[in-house]
Structure formats: structure tokens, C-alpha cells
Amino acid sequence: MASVSEWIVREYFEQQGYLVTQPGKYMVTGRPKRPEEELDLLIEHPLIAEQRLPAARLWSTADLRGVRRAVVGIYGWHTERVYPTTLEHIPDIARLAGPEARRAAARRLGSSEFAVILCLPRLPVSRALRDATLARLQERGVDGVLPFRLMLTDLLERVDGGKNYEKSDLLQVLRILKTYDLLKAPQLELFVSGKQAARRKKKPAAPGPAAP
């Protein structure tokens, strides 16, 4: 799953015009990660001259317009929501924002002026818990969070069913799904939860005209 998640994130940032580097091409097992191994991706946009980070903690694609360079962390357990307690039990989620990892990123990027972005699956439904999760991440040095749903939505909207994306397996799969009407970007029916789909099926049809 880690490679698939990185695949999605890399494609998303490339579509926004970023140059993407993956520092580590191997999995770390049996020992703690070294600081440079906490960096999933490094990104830099050649056309953004000034680094201007948005005030929001939950970012949109538009918020990236002021992000010239960043280190990107990826947490891709897509069946889970990330709560404040998740950050306590799995501190590695935000370790890329720690001092040693930041120094490693600065050496690789050639600058200490960069954002720390964390790509996460679903956040809590409760606004209070969602805000608490984002606040905890900010306290640990994360500048912005990008949800996977946002990135997939953006990619779906960019995919043209009439083009052959043979140089990108991800875009090609999305294009094929759209071609066969298995998903449509505006409605994103593919990503509707089972409960939502059941509610839609149970929704009664509108009454027809009364008989004369």
C-alpha cells in the first residue's frame, strides 16, 4: 500500500508543476529510520518565486500556489481515520517534522525555507476532533495536511478520457475507469461510502402525477 500511496501523491504534485524527488528507494525494517529516511518526497516548483504558506492547516490545491518547496510525508492507511490518539500511538506519522529530519531536508533541498506537508487518509467526522488532530500536527511542526480524497479528486478532474496516458499507469487506470463510466469526476461515485450508497438506494422516488 505504501508504494501505491506514494504513486498517487507523486502524480498529484507533478500535475501541479512540482519537481518531485524520492530520497529513499528502499524499505527500512528491523531498525529505527535515520533522519533522511523520514523524508518520503521532496518537491520544488520552479515557477513559484516566493514561499508564502497559507494560514489554514487543512490545505486545498489552491493553497499550494505559495508553496515553492516542501518535504512531504505520506501516511496511507486508507481504512483508518487519523485521530489525536492516533498521533500518540504512532508518533512516526509526524516525525518528518522533527529537527533532525528538517536538517536532512534542508541539506537535500539546499534551503531551510520549506514547508512540511503531510498526506493523510480520512480525518475525524467530528469538527472538534478534526481540529484537535490538525492542531496536534501543527504543534509537532506540520505546516499543512493534504487529504488523499482531495488529491484523487484533482487527478480525476484532470484526466481526459480521450487521451492515452501510457506514460502514467495511474492516470491511465483513471482514464479507463472514466471511459467505461465506472466513475465520474464531479460525482466521484467510486468514493461514496457503503452507508451513503445504501441511503441513496433507499431514498423513495418522487411521486408521479395524480391520476385524473
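In this short talk I will go through the overall fold, then the sheet, then some charged pairs, and finally a patch on the surface.

Please keep in mind from the start that what we are looking at is a predicted model. The chain has 212 residues, of which 41% are buried, and its accessible surface comes to about 12700 Å², with 53% of that surface belonging to carbon and sulfur atoms. When we consider contacts between residues with a separation of 6 or more, we find that 69% of them are between residues 24 or more positions apart.

Let me turn to the secondary structure. The chain holds seven helices and five strands, and if you follow the sequence from its beginning you will meet them in the pattern α-β-β-β-α-α-β-α-β-α-α-α.

How are the five strands ordered in the sheet? They form an open sheet in the order β1-β2-β3-β4-β5, and the pairing within this sheet is mixed. Because β1 and β5 stand at the edges and each has a single partner strand, one side of each is left without a neighbour in the sheet. On average, neighbouring strands here are turned by 25° against each other, if we ignore direction.

Let us now walk across the sheet, beginning at the β1 edge. Strand β1, which covers residues 19-21, runs antiparallel to strand β2, residues 41-44, and three bridges join the two; as one example, Leu19 has Glu44 in β2 as its bridge partner. The next pair is β2 with strand β3, residues 69-74, and these two are also antiparallel, this time over four bridges, with Leu42 finding its bridge partner in Val71 of β3. At the other edge, strand β4, residues 115-120, pairs with β5 in the parallel sense, again over four bridges, and there the bridge partner of Ile117 is Gly144 in β5.

Two helices that pack on this sheet deserve a moment of your attention. Helix α3, residues 99-109, touches β1, β2, β3 and β4, and its direction makes about 45° with that of β2. Helix α5, residues 148-158, touches β3, β4 and β5, and in this case the direction of the helix makes about 60° with that of β5.

I would like to move on to the charged side chains. As a general point, side chains of opposite charge can pair when their charged atoms come close. In this model the count comes to eight salt bridges, and I will describe a few of them.

One of these joins Arg34 to Glu36, where the closest N and O atoms are 3.2 Å apart. Arg34 is partly exposed, with a relative accessible area of 39%, and Glu36 is likewise counted as partly exposed, at 34%.

Another salt bridge is formed between Glu88 and Arg136, with the closest N and O atoms 3.2 Å apart. Since Glu88 lies in helix α2, residues 84-89, and Arg136 in helix α4, residues 127-139, the pair ties together parts that are 48 residues apart in sequence. Which residue forms a salt bridge with Glu88 at a distance of 3.1 Å between the closest N and O atoms? That residue is Arg140, which sits in the loop between α4 and β5, so to speak across the sequence from Glu88 in helix α2, with their positions 52 residues apart. Through salt bridges that share partners, Glu88, Arg136 and Arg140 are joined into one network. As for their exposure, Glu88 is partly exposed at 47% relative accessibility, Arg136 is partly exposed at 31%, and Arg140 is partly exposed at 28%.

Finally, let us look at the surface. Ile176, Tyr180 and Leu182 make a nonpolar surface patch of about 340 Å². Is Leu182 in this patch buried or exposed? Leu182 is exposed, because its relative accessible area of 54% is above the cut-off of 50%. Leu182 has its place in the loop between α6, residues 169-179, and α7, residues 194-202.

Methods:
Residues are numbered from 1 along each chain as its sequence is written. This is a predicted model: local features need pLDDT of at least 70, side-chain atom pairs count only at pLDDT 80 or more; totals for chains, interfaces and linings use all residues. Side-chain values use heavy atoms; hydrogens and water are left out. Patches are made of residues with over 30% relative accessible area and no salt bridge: like charges are joined within 9 Å, nonpolar side chains (Val, Leu, Ile, Met, Phe, Trp, Tyr) within 5 Å. Accessible areas come from the Shrake-Rupley method with a 1.4 Å probe; for residues, only the protein chains shown count as cover. A salt bridge is a side-chain nitrogen of Lys or Arg within 4 Å of a carboxyl oxygen of Asp or Glu. Buried means under 20% relative accessible area, exposed over 50%, partly exposed in between (1.4 Å probe, protein chains only). Two strands pair if DSSP finds at least two bridges between them. Axes are lines fitted to C-alpha atoms, for helices over the stretch in contact, and angles run from 0 to 180 degrees between N-to-C directions. Contact means heavy atoms within 4.5 Å.
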